[in-house]
Amino acid sequence: MGTLPFDLEIEDIAALADLINEKNLGEICLEDDDIGAKLVIKSRPLPPPPPGMAAPMQAPAAPIAAPSPAAAPSADSLPDGETVKSPIVGTYYSSPAPDKPPFVQVGQKVKKGDIIMIIESMKIMNEIPSPADGTVKKLLVKNGDAVEFDQPIMIIG
């Protein structure tokens, strides 16, 4: 096997992957401009905890005010469909950059795996894929809003 960029061995890459999981990082990105190589190692999403077990807590980097009861949508006011929830604590972004169009809009059809939002956590931009095929029925947060773990973000039906 040839040499890898960055003078890394497979064991080094495995150690970086372990570090991502231990520190709850979204990814580690290494770039070498001289040879034009880029290595991105991403974490795998954690499976949901078994019933009766609490989900691991993630401390936010700064205190985040809890949404007021008036701002929280009631279950009765939500359209039917799959509720997409935030997998991490962070900041919701509807587009890849401020000058770019949003990933999705209400009424837009999406396929399972399409990127539908970014949640920034600890300076890492985490692309969140659609969990199902369907149509975006409702957006429950605004661009730039702080979101909590498991907070409903949108409805896809």
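## Exercises on a predicted model

**Exercise 1.** In this predicted model, which residues does serine 86 contact, leaving aside its neighbours within four places in sequence?

*Solution.* Start with the contacts: setting aside neighbours within four places in sequence, serine 86 touches Ile119, Val147, Glu148, Phe149, Asp150, Gln151 and Ile153. Next, find its place in the chain: serine 86 sits in the loop between strand S3 (82-85) and strand S4 (90-93). Finally, look at its exposure: the relative accessible area of serine 86 is 1%. Buried means under 20%, so serine 86 counts as buried.

**Exercise 2.** Work out which strands supply the largest nonpolar core.

*Solution.* First, meet the core: it has 17 residues, and Ile119 and Ile153 are among those with the most contacts inside it. Strands S6 (115-121) and S10 (152-156) each supply at least two residues of this core. The largest share, four residues, comes from S6. Now take a closer look at isoleucine 153: leaving aside neighbours within four places in sequence, its contacts include Ser86, Tyr92, Met117 and Val147.

**Exercise 3.** How do strands S1 and S2 run, and how many bridges join them?

*Solution.* Strand S1 (residues 27-32) and strand S2 (residues 37-42) run antiparallel, joined by six bridges. For one pair, follow leucine 30 across to its bridge partner in S2, leucine 39. Then trace the turn: the two strands form a hairpin with four residues between them, and glycine 36 in that turn has a positive phi of about 70°.

Notes:
Residues numbered from 1 in each chain as written. Predicted model: local features only at pLDDT ≥ 70, side-chain atom pairs only at ≥ 80, totals over all residues. Heavy atoms only, no water. Buried < 20%, exposed > 50% of the residue type's maximum accessible area, 1.4 Å probe, protein only. Contact = heavy atoms within 4.5 Å. Pairing = 2+ DSSP bridges. Core = buried A, V, L, I, M, F, W, Y, C linked by side-chain atoms within 4.5 Å.
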